[in-house]
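This report looks at how one protein model is divided into domains and how the strands of two of its sheets are arranged. Please keep the sequence and the structure in view while reading.

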Amino acid sequence: MSNTPAFPAASLLGYPRIGRRRELKKAVEAFWAGTIDEAALDTAAQEIQLATARRLFDLGLTEAAAIPGTFSFYDQVLDATTHIGAAPARFGELRNSAGELDINAYFTLARGTVEQQPLEMTKWFDTNYHYLVPEIGPETNFAVTSNRIVEQFELAKANGFTTRPYLVGPVTYLLLSKASDDAPAGFSPLSRLEDVLPVYAELLSRLAAAGATWVQLDEPALVADQDVPVAEIEAAVARSYEVLTSAAQRPAVLVSTPYGALAELLPTLAATGVEALHIDAFKGAVPSAEELALLAGKTVVAGVVDGHNIWRNDLAESAARLDALKAAGLDVAVSTSTSTQHVPHDVDEETQLSAELRSWLAFADQKVGEVVTLAAYVGDPASAAGAIAEASAVIASRAAAAGVKRPEVRARLAALTTADFNRSDYAVREAAQEQSLHLPPLPTTTIGSFPQTSEIRGARARANKGAITGEAYTQLMKDEIKRVVDLQEELGFDVLVHGEPERNDMVQYFAENLEGFDVTVHGWVQSYGSRCTRPSILWGDVTREQAITVEWAAFAQSLTQKPMKGMLTGPVTILAWSFVRDDQPLGETANQVALALRDEIADLEAAGIKVIQVDEPALRELLPLRRAAQPAYLDWSVNSFRLATAGAADGTQVHTHLCYSEFGVVIDAIDGLDADVTSIEAARSRMEVVNDLESHGFGRGVGPGVYDIHSPRVPGQAEVSELLGKAVKHVPARQLWVNPDCGLKTRGYAETEESLRNLVAATKEVRAQLV
Ligand code: MET
Ligand SMILES: [Zn+2]
């Protein structure tokens, strides 16, 4: 390329897609339900894209290509899949008569069909966002199969905004892919790079023809240690960006590398012809002078504003980082460390929070302001002096604010000894639990929540508005608990749950009932597809003023002779799904939460609860992307779980639940949790996990999920029997539990009942075959 257009001085890596009032969620779900048609869905999507462009422009992203084109109907990895023709053959022909993977094909891949499970879903780096895993084999027929990225650019352009189209980069795309069903053993998706690159080149050429000046190719896989040897990744990066930058007609290329430091791949990217390289200069350190020298001639897009958490930026600290980059003589632009898709839109919406707390925060819109200020600083340091001083003053006042440090919490933590982290040997506990529980082989249970019906949500909304009394609300929840308990009795479950109707969200519920947290009203963040969560804000030392779950659990237990599980959310998950204070190590915060849970467990036991589940679905999520940092993380995270649970009596059965399939990665840590029973996701990955369990010799109870609750599909009895048949071949039957992959709160009652009925019937079938 001759005459590279200037990269905008201020930019964002990405922006929330779901809409300030979750307009996209509503439109997409209405489309699935058949209440709006494709044209109406498109109109809603266009309105969101234009509202975003207008907003970002008004907030100061006024230069061409400053506004990221990061809208997505469901997921950015699925977007790439449908643009490059990578629909797996197992779905049959999904291309329409024009040869395109249209919106129907798109949602088929995301949600599955009666015959086909959807693409597997897994965590996006160290975030709570989930992407759909591509399945690539020798048979994958790569070709441009969607023009949506071009149409979205054109839509913005026609309305006066030159955006910067976004695509997951080719190396990351293939590294995140798994081998298709049809691929031979040992097949590596990265081996298809040469076939993928011309398709990316064609998309770049179409974007250039439409007038795009810059494109953003996102390569976060380059900041994470991979199973593929580094030399292979280096070669793939070098080759990809050689091919893509030698295309005749193309926009200038920004490669973004969020979620951590690039480390050994920085020189490789520096040697390519890409015009701009984004580095995560918030989480990652500023590269050394030698590395920076390699970047001469490129724009360095410095991600100094954290896109992944909500604290106001320490502008003085960011300015110092920018100074280091400028001192190396580089052309520096300012951006966020990651897409701001991980944070809510706007602090100003949260008028119920104290002005003090609000002054400590920056959501996506405030981050735009920070980026714009810092970009001005790069041009003229004096221009930002006032803003920098103000940010420093706010950060200092936060450190001294009431509730941030509570002496009694700190004293209790300081007094802990190793005994507080250890239970009796498993053999002792196992015997005591056999006595207290008398369970059949292959005990059946569910993960906790039952469908959250519109009646339940409506009752909560009315109670929050004061339209019904607290007593009326409690009664409605108790009625619901009774329905759920009766249903489980009728279905024949062995260990029951109360269904969690009183919980809006498994983390927020505890945040609302513990000191040290605050919750937002509009702070929705996309978790996967149309699903959003509203992370709480953990800003101070954590204490529990009174029992939280005991009344509900005791009521549920009073309705049945079967054991009722007490249900708690573990410390790591509470941290991972909240916006956590950044002023002390995570391990300290986790232990504060653990002590509150430990007290709750003691109260549950005193109320007669014999099985207590402490969910840790996010244990894998916070795992550092670099192997060197993983042992320290696993140490504090496992210890916080042990601190929470080690006060339980031998006869109390402690369960934990983790919902993802890459179990092998953290199996030692899961063992370290020392839970008596562990339930995990396995249905979508068709029980692959039992191989890991077998090779590891996992010795305690385990329930690999047999019902994928992420889709409305009902698994048949034969399908569940087959999964269980596979499980008993690899895991001793006496350790095996039968349960769904996860909680049922997002499902409807009809499909849930049918699925659970099949689950129990299949269990009886397999039990009968055990000798
Ligand atoms: C994301 S893990 C969910 C566990 C929780 N107990 C539930 O069933 O909803
Ligand atoms: Zn789960």
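In what sense do strand β15 and β17 pair, and over how many bridges? In this predicted model, strand β15, which covers residues 536–543, pairs with β17 in the parallel sense, and the pairing extends over three bridges.

## The three-stranded sheet

Within that pairing, Ser-536 can be located by its bridge partner in β17, which is Ser-578. The two strands belong to an open sheet of three strands, whose order is β12-β15-β17 and whose pairing is mixed. The edges are taken by β12 (515–518) and β17 (578–580), and because each of them has a single partner strand, one side of each is left without a neighbour in the sheet. From one strand to the next, the twist averages 35°.

A helix is also associated with this sheet: α22, made up of residues 586–606, packs on it and touches both β15 and β17. The direction of helix α22 makes about 70° with that of β15.

## The five-stranded sheet

A second arrangement to trace in the model is an open sheet of five strands, which follow the order β16-β18-β19-β20-β21 with parallel pairing. Here the edge strands are β16 (565–569) and β21 (701–704), each of which pairs on one side only. On average, and with direction ignored, neighbouring strands of this sheet are turned by 20° against each other.

At one edge of this sheet, strand β20 (residues 677–680) and β21 run parallel and are joined by four bridges. A reader who wishes to find this pairing in the structure may begin at Val-677, whose bridge partner in β21 is Gly-701.

## The two domains and their contact

At the level of the whole protein, the domain assignment gives domain 1 as 23–400 and domain 2 as 427–769. The C-alpha centres of domain 1 and domain 2 are 32 Å apart, and the contact between the domains involves 38 residues of domain 1 and 39 residues of domain 2.

On the side of domain 1 that touches domain 2, the elements that give two or more residues are α1 (23–33), α4 (103–111) and β2 (121–123). By residue type, this side of domain 1 divides into 18 nonpolar, 10 polar and 10 charged residues.

How values were computed: Residues numbered from 1 in each chain as written. Chains lettered and ligands numbered in written order. Predicted model: local features only at pLDDT ≥ 70, side-chain atom pairs only at ≥ 80, totals over all residues. Domains from an automatic or database assignment. Contact = placed C-beta atoms within 7 Å. Nonpolar A, V, L, I, M, F, W, Y, C, P; charged D, E, K, R; others polar. Pairing = 2+ DSSP bridges. Axes fitted to C-alpha atoms, helices over the stretch in contact; angles between N-to-C directions.
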